[in-house]
Amino acid sequence: MHTQTLALDRLDQPGARQWPRYILTGLAIFIIGLFLLLPLAAVLIEAFSEGWDLYVQAINDRYTWEAIKLTLLVAAVVVPLNTVFGIAAAWMIARFQFTGRGALTTLIDLPFSISPVIAGLIFVLVFGAHGWFGSWFAEQGFPIIFAVPGIILATLFVTVPFVARELIPLMQEQGSEEEEAAIALGAGSWTMFWKITLPKIKWGLLYGIILCNARAMGEFGAVSVVSGHIRGQTNTLPLHVEILYNEYNFTAAFAVASLLAGLAILTLVLKSLVEWQQARSLERATQ
Amino acid sequence: MSIEVRNITKAFDDFKALDNVSLNVDDGELVALLGPSGCGKTTLLRMIAGLDFVDEGEVWLNGENVTGKHIKQRGVGFVFQHYALFGHMTVFENVAFGLRVLKRNERPSEEQIRKRVHELLDLVQLDWLSKRFPAQLSGGQRQRVALARALAVEPKFLLLDEPFGALDANVRKELRRWLRRLHDELHVTSIFVTHDQEEAMEVASRIVVMDKGRIEQVGTPEAVYDRPASPFVSSFIGNVNVFHGRLQGGTLDTGGWQLPIRPPGSDDVGDDTPYAAYIRPHDFELLKSTEEKLPECRVKFIQPMGSVYRLEVVPEHAASDGLPEVIDVELPRRDFRALNLSVGERVYLRATETHWFEPEQPVLTGPR
């Protein structure tokens, strides 16, 4: 470790050879350009290749609107649920010692470690027409697979870890002394949560929510398996892009894709803002 | 407002943190729980507060059994070791917190809250910092804010967990005196936890010495220092030299090296009875020459410490497991000057006061 620092120091010294620095920086820029910026540019260029009017037309399509609405609906259901779950799980894990604590921590990570397609297939197996409970739900007039509930379930599964993962280390690091102090001063659990716990985790929580939302809107694999791709009914934005593309409707496909790309950029901007705020409040705390 | 703890036992998994502990604290006392880390002192404090619950035993506050009661109903103020100030609130809001979370019908008006908080901040001499955030304060200031915050709800008991543990030496000294004065002013029954014997001696009216989940001794600072009830107390409260040996005539024989001392009132105790003698560094006299039969030592090391000189002397003509390798001796500056000792010189050692223990159990203390 120490020698490494020394080696890096030497790069900064006057008269040190500068080319390793240029080569490394150049390589990084090249890779970022090739694999991140170029595709993004391609999406935008393709989307607007036929001009603004066609772009608007492609987006202003009934099925596109349905897809946008469905995607927003899924996010509106999934993000709050996973926020509540994430806070509860992080609280449990960070504040209490109980049997199965390690297992719970591992389970929360499960969606990260298995392929989303497999996750989708699991839901088909359980709730599909020939699945364990699927026929019962279908008989009640409430089919799950190839319907909106399935999409929500699959998205819920895939996005479980985001909020919890963000909060667990944060809450563990912060410890429970301030919460105990609040209780000792006579605060009820609810007051303690709103006045002490939440303000302390708010930036981390917001960060988790943003990532969770981005994934919920962009999820393809798991949703693709359970959706059935019924236009206007079970088609989310990412699925819609694929359908358009497979129909050789490139301009429309890229136009819709540009919406998702825009969402990604917006997420990044929000994420940076939150990180900046986090750093600032940290700075204030350690002044 | 008395505190009474009856036969408390608490285990964390296999580790017995408290083993059948009983304790009485009278109204208005300022008591120190003193012991090495892991001795159970913080656990005991948290049980009294209601932050942890007992496995067995009872906690009585002011004559009422509160064992099963929530911390809110116990009327205690708790000051945490690392202050636990609310980092996102100003000093003012920190102190006001306990008042703001009161039920609507008990809550004072905004005007009253402001008055009360400023009174408390005046009391801890920090009113000028009321708009700052905790992160902008020094350690000592934070600790005083934490104290003001605990006092805001007018607790009947004040419990402090290592209140000065995280501060540097000068600030500690100042805050100790300040706490003492504050207690004299407020007369709240208080218990504080510390691992620093000097702090306990300076601040507390009584000291509770704990080790391995048990109370070793309860007494005034003077009593635990001068009349330790066990070898542990003797060696934990202040430095001590330990001599293991057997009584042999008028001496304690540590195996070829004799100290001419004998436990008081041990005339009918036979020769060869094993004893341990605990002697504090300042309870030795050094002589350059003597008519008496005193053991010989050689001066190995001299360190001036200001008002005292700390010396290490090595027993001569001795090879015994019962002896310390070096004997720590502290001489007042004037005595040291009068002797005019230098390293390598031969000296004779006389013990002026000794704590005697039968191996594994206390017996007698006293001079000679």
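Guide: In what follows, a residue counts as buried if 20 or more other C-beta atoms lie within 10 Å of its own, and everything said here concerns a predicted model.

Visitor: With that in mind, how many of the ten residues of helix H2 of chain B are buried?

Guide: Helix H2, residues 91–100 of chain B, is mostly covered, and its buried residues pack against H3 and H4 of chain B. Those that reach the cut-off are Val91(B), Asn94(B), Val95(B), Ala96(B), Phe97(B), Gly98(B) and Leu99(B). Of the ten residues in the helix, the number buried is therefore, at 20 or more neighbours within 10 Å, seven.

Visitor: Is Leu126(B) buried or exposed?

Guide: Leu126(B) lies in the loop between helix H3 (110–123) and helix H4 (139–152) of chain B. Leaving aside residues up to four places away in sequence, Leu126(B) touches Val91(B), Leu121(B), Gln141(B), Arg144(B) and Val145(B). Because 21 C-beta neighbours fall inside 10 Å, Leu126(B) counts as buried.

Visitor: What distance separates the C-alpha atoms of Leu126(B) and Ala146(B)?

Guide: Along the chain, Leu126(B) and Ala146(B) are 20 residues apart. In space, the separation of their C-alpha atoms is 11 Å.

Visitor: Which strands stand at the edges of the four-stranded open sheet of chain B?

Guide: The sheet has the strand order E2-E1-E4-E5 in chain B, and the pairing is antiparallel. Two strands of chain B have a single partner each, so one side of each is left without a neighbour in the sheet, and these are E2 (15–25) and E5 (64–65).

Visitor: Which residue of E5(B) is the bridge partner of Trp60(B)?

Guide: Strand E4, residues 56–61 of chain B, runs antiparallel to E5(B), and two bridges join them. In that pairing, the partner of Trp60(B) within E5(B) is Asn65(B).

Visitor: What angle does the direction of helix H1(B) make with that of E1(B)?

Guide: Helix H1, residues 41–49 of chain B, packs on the sheet and touches E1 (3–12), E2 and E4 of chain B. Taken against the direction of E1(B), the direction of the helix makes an angle of about 120°.

Visitor: For the open sheet of five strands in chain B, what is the average twist from one strand to the next?

Guide: The strand order in this sheet is E15-E19-E16-E17-E18 of chain B, with antiparallel pairing. Strands E15 (284–287) and E18 (327–332) of chain B are the edge strands, each pairing on one side only. From one strand to the next, the twist averages 45°.

Visitor: Which residue of E17(B) stands opposite Cys297(B)?

Guide: Strand E16 (residues 296–304) and strand E17 (residues 308–315) of chain B run antiparallel and are joined by seven bridges. Opposite Cys297(B), in E17(B), stands Pro315(B).

Visitor: Turning to chain A, how many helices does the chain have?

Guide: Read along the sequence, the pattern of chain A is α-α-α-α-α-α-α-α-α-α-α-α-α-α. Its C-alpha atoms fill a box of roughly 60 × 60 × 30 Å along the principal axes, and 33% of its 287 residues count as buried. Strands number zero in chain A, while the number of helices is 14.

Visitor: How do the residues in the contact of H4(A) with H11(A) divide into nonpolar, polar and charged?

Guide: Helix H4 (residues 62–95) and helix H11 (residues 189–218) of chain A pack at about 145°, with axes 9 Å apart. From H4(A), residues including Thr71(A), Val74(A) and Gly86(A) meet residues of H11(A), among them Gly208(A), Cys212(A) and Met217(A). By class, the residues of this contact are eight nonpolar, six polar and no charged.

Visitor: Which element gives the most to the side of chain A that touches chain B?

Guide: The two chains meet through 17 residues of chain A and 20 residues of chain B. On the side of chain A, the elements giving two or more residues are H10 (177–184), H11 and H14 (250–286). With six residues, the element of chain A that gives the most is H10(A).

Visitor: What ipTM does the predictor give the complex?

Guide: For chain B, the mean pLDDT is 88, and 96% of its residues reach 70 or more. For the complex, the predictor gives a pTM of 0.78 and an ipTM of 0.79.

Notes:
Residues numbered from 1 in each chain as written. Chains lettered and ligands numbered in written order. Predicted model: local features only at pLDDT ≥ 70, side-chain atom pairs only at ≥ 80, totals over all residues. Pairing = 2+ DSSP bridges. Contact = placed C-beta atoms within 7 Å. Axes fitted to C-alpha atoms, helices over the stretch in contact; angles between N-to-C directions. Buried ≥ 20, exposed ≤ 12 C-beta atoms within 10 Å, placed from the backbone. pLDDT = per-residue confidence, 0-100. Nonpolar A, V, L, I, M, F, W, Y, C, P; charged D, E, K, R; others polar.
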